[in-house]
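Biologist: Please take a close look at a single part of this model and set out its surroundings step by step. I should then like to hear what can be said about the aromatic side chains and the remaining strands.

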Amino acid sequence: MPKPHLYNSFKILALTAAAILSGCQTLSSTAPKTTLDTGTNSPLTAAMPVMDRTGRIAYVEEQGVGAAKISTLYSIRPDGSDRQLIEQLNGYIYAPAWSADGRLLAYSKQAMREPPKIYIYDLTQQTRNLIVNSNGSNLSASFSPDGQKMLYTSTVGGNADIYELSLNDGSTRQLTTLPSTEVQPSYAADGKSFVYVSDKVRAGRPRIYRYDFATSSASLIATNGYAASPQLSGDGQRMAYLNGRKAAIMTLATRRVVDLAETGLDEPARLSPSGQYAVYPTRSSLVIASLTGGNSYTISSQAGTVIRSPIWGR
C-alpha cells in the first residue's frame, strides 16, 4: 500500500504539488534562534500566555523506510520538557489533533498492509479507542469545540469526502458529495463552520474553503495558488496553512500572508492556543515562532528521526 503523506492528504490521492509562491512576507532569517535539548527551558516560553506555556505539542517521529518504517507519537511541553510516548508502531501515524480541553488526542495510524484508521487517546485515562474503522483511508480528524463531534476525511464511498461523527452515539453524516476531492477539515472555534481543502475547480490544484453549517454551503478563502492543511486561530482572525510548499499564516481580514519557512516536508504551520505562536517541523526539529516578535527557537528530535505533524493543544 502506498504511503500517505502526513498532512497533505492530496498526496494520498495522487494529486500534484505546486511551485513555491511569490509575493508573500517572510520572517527575518536573522531572528534569534536557540537549539534546545528535550527538557531544557526555552527563552521564549516565560513570555507565553499560560494556555500556550502549559499546553502540550503532539508530534510524530519517523525512522526507517518501507517495511522497516517505525512511527512514534509523542507529546511534549512547548519548552521541550516532559516528553511522553503515546504510540509506536511499524507503519505510519498521521495528523494528530487535540480536543479543545487538551484531554483527548485523535490521530490516524496505518499498520503495514492496512488502511489508515482513526483512534482517540485519552491522556487522563491513558486509554486508546478505535473510532473510525471504515473501509478505505480515514484521516484528518478534527474535534468540535464542545467535544461532542469529530470531522474526518474518508474514501469509504470510493471518493475522498468529509464526514461528521457524533462521539455520543456513533452516528455519521456525509457533508460533501462532489466528484472532486474534499479533505483536511478543521472546525472553527465557534463550531459554526469549518475549513477544508478541495480541488473542485481544477483537479490536482487544491484550494481552501469554509463550510457553513447553517447554510450547508461553502465559500472560497482566497489564496495564491496551491493551498492546503488549514487551521483557524481561536479568535478566527488567522489561518495557518500550507502555502505552496511553505508553512504560512494568513490574517483573514487583510489577506496578509507571512511565510514562516519552506520546511522541506510540505508541512503546514500550526497555531498555539492563543494564536500568538506557531509550530512547524524542519525534518529533525520543531520550530516554535512568535508571530509578534519574530523570534523563534527549535527543539531537536532524537538522532536519525524525522519530525512531522506537530499540533499544539491546551
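**Strand β6 and its surroundings**

Modeller: Strands β6 and β7 form a hairpin with 5 residues between them, and in its turn R113 has a positive phi of about 65 degrees. The model is a predicted one, and all that follows should be read in that light. The two strands of this hairpin run antiparallel and are joined by 6 bridges. Within that pairing, A106 stands opposite I120 in β7.

On its other pairing, β6 meets strand β5, which covers residues 84-98; these two pair in the antiparallel sense over 6 bridges. Y92 is found opposite Q110 of β6. The hairpin of β5 and β6 has 5 residues between the strands, and there G102 takes a positive phi near 75 degrees. As a general matter, strands of a sheet pair through backbone hydrogen bonds, and they may do so in a parallel or an antiparallel manner.

The setting of β6 can be read from its accessibility. Of its 8 residues, 7 are buried, so the strand is largely enclosed by the rest of the structure. A111, which is found in strand β6, counts as partly exposed because its relative accessibility is 26%, and the buried class requires a value under 20%. Leaving aside residues up to four places away in sequence, A111 touches L89 and N90. The C-alpha atoms of A111 and L89 are separated by 7.1 Å, although the two residues are 22 residues apart along the chain.

The aromatic side chains come next. The structure holds 11 aromatic pairs. One of these is formed by Y92 and Y94, which are stacked at 6.0 Å centre to centre with 10 degrees between the planes. Both Y92 and Y94 are buried. Y107 and Y119 form a stacked pair as well, with 6.3 Å from centre to centre and 20 degrees between the planes. Y107 lies in strand β6 (residues 104-111) and Y119 in strand β7 (residues 117-122), so this pair ties together parts that are 12 residues apart in sequence. Y107 counts as buried because its relative accessibility is 0%; Y119 counts as buried at 15%.

Elsewhere in the chain, Y187, F194, Y196, Y209, Y211 and F213 form one aromatic cluster. Y209 has a charged partner: the charged end of K200 sits over the ring of Y209, 4.5 Å from the ring centre. In another such arrangement, R83 lies over the face of Y74, at 4.3 Å from the centre of that ring.

The remaining strands to describe make up an open sheet of 4 strands, in the order β13-β14-β15-β16, with antiparallel pairing. Its edge strands are β13 (182-187) and β16 (217-221), each of which pairs on one side only. From one strand to the next, the twist averages 30 degrees. Within the sheet, strand β14 (residues 193-198) and strand β15 (residues 207-212) pair in the antiparallel sense over 6 bridges, and V195 stands opposite R210 in β15.

To return to the part under examination, β6 pairs with β5 and with β7, and it is largely enclosed by the rest of the structure.

Conventions: Residues are numbered from 1 along each chain as its sequence is written. This is a predicted model: local features need pLDDT of at least 70, side-chain atom pairs count only at pLDDT 80 or more; totals for chains, interfaces and linings use all residues. Side-chain values use heavy atoms; hydrogens and water are left out. Rings of Phe, Tyr and Trp (its six-membered ring) pair if their centres lie within 6.5 Å; planes under 30 degrees apart count as stacked, over 60 as edge-to-face and the rest as tilted. Buried means under 20% relative accessible area, exposed over 50%, partly exposed in between (1.4 Å probe, protein chains only). A charge sits over a ring if NZ of Lys or CZ of Arg is within 6 Å of the ring centre and within 35 degrees of the ring normal. Two strands pair if DSSP finds at least two bridges between them. Axes are lines fitted to C-alpha atoms, for helices over the stretch in contact, and angles run from 0 to 180 degrees between N-to-C directions. Contact means heavy atoms within 4.5 Å.
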